[in-house]
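Thanks, everyone, for making the time. I would like to walk you through one model, going from its enclosed spaces to its open pockets and then to its aromatic rings.

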Amino acid sequence: GCLGLRVRRRVSLLCLLLSSVVGMELEHSFLRVPCENLNQNFRTGKRAFDKEIGAILEDIGKSARLWSDRTAARGHAARLRILRRQLEELRAEQSPMMGRLSMRLVHLRHGADVLQWTPESGPLPVGTPYASWYKLLQDLEGGPEGGGVDQRGSWVKVRMDRFLVDFMLRQGLYNTAEMLSSSPHLDPFVDIDTFKSSKKVIDALCRRDCSEALSWCIDNRRRLAKMKSSLEFLLRIQEFVQLVSKDRISDAITYARTYLAPLASQNQEEVQRALGLLAFKSNTSCTRYRDFYSQDRWYQVIQQFKDDYYQLNGLTRDSLIEMTLKAGMAVTKTIYCSNEKTRQVNCPTCNEPFRSLAEPLPRNLQVLSVLICNISGRPMNENNPPIVLPNMNVYSEQALQEMAAKNNGMITDPKTLEIFPYPNPGFRKAYVM
C-alpha cells in the first residue's frame with residue numbers, strides 16, 4: 001500500500017514536470033494506467049486476504065474446541081496455503097507491471113530530452129541512474145546513441161504508433177492493434193490487456209445482457225460512487241425495461257421493488273418515468289416512454305460504461321490521436337473554413353474527412369491576414385502575386401500560369417466557369433497594403 005502511494009506521488013510529480021515540456025501534455029494517462037494496474041493488483045490481494053482471514057477467525061470464534069479438532073485445523077491450514085499461493089501469484093504479476101512503468105518513465109524522460117534538443121546542445125545526455133534503461137530503450141527504438149535528429153524521429157514514430165494502437169483498441173479492432181504492437185519497440189508502451197478486459201462486458205451489452213456489466217459495477221461500487229457514476233442505475237433501468245417488453249409484468253414489479261426503489265431517492269424522476277412503462281408497451285406513440293425501448297438507450301449504456309471504465313483505469317475519454325488532431329485543427333480553423341465559397345483545397349479543416357471532425361472546434365484568432373489561392377491552395381505574396389480577373393475574382397499568378405500551360409493558353413474561372421486567354425491585358429495585379 002505504501003509502495004503504491006509512493007509510486008503514484010512520484011508519477012504525479014513527473015506528470016506535472018512533463019506538462020511544462022511542449023508536446024508532452026497528453027502523456028498523463030501513459031503513466032497512470034500502469035499505476036492503476038498496480039493499485040488494482042493490490043486491492044485484489046487485499047480482498048482475498050480479508051475474506052479468508054475473516055472467515056477463519058469467524059470459525060475460530062464459533063468453535064471453542066477448534067484447536068483440539070485436528071480436522072478443522074488442517075482445513076484452515078489448507079485454506080491459508082491456498083491464500084498464500086494466490087498472494088504469491090499476485091506479487092509475481094507486480095514485477096512486469098513495475099518494469100513496464102519504469103520503461104515508460106524512461107521513455108518520457110528520453111522524449112523530453114529529444115523534444116528540447118537542438119543541434120547546438122551537443123550529444124543527448126544519458127542519465128546515470130537510468131543508464132541501463134536508456135540502453136535498452138535505444139535498442140528497442142533502433143536509434144543511435146548520439147544523433148539528436150535520428151533519436152527525435154525514432155521517438156516520435158514510437159509515439160505515433162502508440163496513438164494508433166490506442167485508437168484501434170477503442171474502435172474494437174483488437175487483432176489489428178495486436179499486429180501493430182507486436183514489435184518489441186512498442187509492446188511495453190501499449191495497454192492492450194486493459195482494453196481487452198472491457199471487451200467481455202461490451203460484447204454482453206451488445207447482446208442486451210447486463211449481467212457482466214452489473215458484476216463489474218459491484219466489484220467497483222466504491223470507486224464508482226466516488227465518481228458519482230450513474231452506470232448501475234442505467235443498467236437496472238434497462239433490465240426493468242426488458243422485463244416489461246417481454247410482458248413479464250409481475251417480475252418487473254418485483255424487480256423494481258428490489259433494485260429501483262433503493263435508487264429512487266437520487267433518481268426519482270427517472271424511476272417514475274420507468275414505472276410508467278407498466279402501462280405503455282413498446283409500440284406506444286408517446287415519445288416520453290417510447291425512448292426507453294429504443295436501441296439508442298443501449299448505445300448510451302455502452303458509452304457510459306466505456307467512460308467509467310476509462311476513468312477508473314486512468315485512460316482518457318477520447319483517443320489520443322483524436323485529441324492531437326483536434327488540437328492541430330483548432331489552430332488552422334478560421335471563420336472562412338465553414339463557408340463553402342471560401343473553402344481552400346489544401347486546408348484540412350475545409351475538406352473531408354477532417355471537416356466534420358473540426359466542425360465543433362473553436363476557431364483560431366488570426367492576427368495577420370494571409371491570402372490563399374482557391375485554385376492551388378498556395379499563399380499569395382510577393383513571389384506569387386494575386387491576379388484580379390475581369391470578373392473581379394482573384395487567383396495566384398502561378399496557378400493561372402500552370403492552368404494556361406495545360407489548356408493551350410486558356411484559363412477557366414472555377415467559380416463562374418468563364419474562359420479567358422492568358423496572358424490577358426484585362427488581368428491586373430492586386431497590391432495589399
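**Cavities, pockets and rings**

The structure holds two cavities of 30 Å³ or more, and please keep in mind throughout that this is a predicted model. The largest cavity has about 160 Å³ of space in it, and among the 17 residues that line it, those nearest its centre are Arg162, Asp166, Phe189, Asp191 and Leu320. Two elements, α2 and α5, the latter running over residues 148-170, each give two or more residues to that lining, and the largest share, six residues, comes from α5. If we sort the lining of the largest cavity by class, we find 11 nonpolar residues, two polar ones and four charged ones.

Asp166, which I have just listed among the residues nearest the centre of that cavity, comes up again when we turn to Ser319. Where is Ser319 found? Ser319 sits in the loop between α14 and α15, the second of these helices covering 320-332. Is Ser319 buried or exposed? Its relative accessible area is 3%, which is under the 20% cut-off, and therefore Ser319 counts as buried. Leaving aside residues up to four places away in sequence, Ser319 touches Asp166, Phe167 and Arg170.

Arg170 has a further role in this picture, in that it lies over the face of Tyr310, at 4.6 Å from the ring centre. Arg162, which we met at the largest cavity, is placed over a ring as well, namely over the face of Phe30, at 4.0 Å from the ring centre.

Let me move on to the open spaces. The largest pocket contains about 1400 Å³ of space, and it is lined by 40 residues, with Gln40, Asn41, Arg43, Thr44 and Asn313 lying nearest its centre. Several helices supply at least two residues each to this lining, including α3 (70-116), α7 (192-206) and α9 (221-227), while α2 gives the most, with 11 residues. By class, the lining of the largest pocket comprises 17 charged, 13 nonpolar and 10 polar residues.

The second largest pocket has a volume of about 770 Å³, and of the 25 residues that line it, Thr334, Tyr336, Gln344, Val370 and Ile372 lie nearest its centre. How does the lining of the second largest pocket divide by class, and how many of its residues are charged? There are 15 nonpolar and eight polar residues in the lining of the second largest pocket, and two charged ones.

Finally, the aromatic rings. A search of the whole structure finds nine aromatic pairs, of which I will describe two. The rings of Trp216 and Tyr309 have centres 6.0 Å apart and planes at 45°, so this pair is tilted. The pair joins distant parts of the chain, since Trp216 belongs to helix α8 (residues 211-219) and Tyr309 to helix α14 (residues 296-312), the two being 93 residues apart. Trp216 and Tyr309 are both buried, and together with Phe305 they form one aromatic cluster.

My other example is the pair of Phe420 and Phe427, whose ring centres are 6.0 Å apart and whose planes meet at 75°, so that the pair is edge-to-face. Phe420 is buried, as is Phe427. I quoted a distance and an angle for each pair because a pair of aromatic rings is described by the distance of the centres and the angle of the planes.

Methods: Residues are numbered from 1 along each chain as its sequence is written. This is a predicted model: local features need pLDDT of at least 70, side-chain atom pairs count only at pLDDT 80 or more; totals for chains, interfaces and linings use all residues. Side-chain values use heavy atoms; hydrogens and water are left out. Rings of Phe, Tyr and Trp (its six-membered ring) pair if their centres lie within 6.5 Å; planes under 30 degrees apart count as stacked, over 60 as edge-to-face and the rest as tilted. Helices (H or I, at least four residues) and strands (E, at least two) are DSSP runs, numbered from the N terminus. Buried means under 20% relative accessible area, exposed over 50%, partly exposed in between (1.4 Å probe, protein chains only). A charge sits over a ring if NZ of Lys or CZ of Arg is within 6 Å of the ring centre and within 35 degrees of the ring normal. On a 1 Å grid over the protein atoms alone, a cavity is a set of points where a 1.4 Å probe fits but cannot get out, and a pocket is an open set with protein on both sides within 12 Å along at least five of seven lines; lining residues have an atom within 4 Å of a point. Grid points are joined across faces, edges and corners, and a volume is the space filled by probe spheres set on the points. Ala, Val, Leu, Ile, Met, Phe, Trp, Tyr, Cys and Pro count as nonpolar, Asp, Glu, Lys and Arg as charged, and the others, Gly among them, as polar. Contact means heavy atoms within 4.5 Å.
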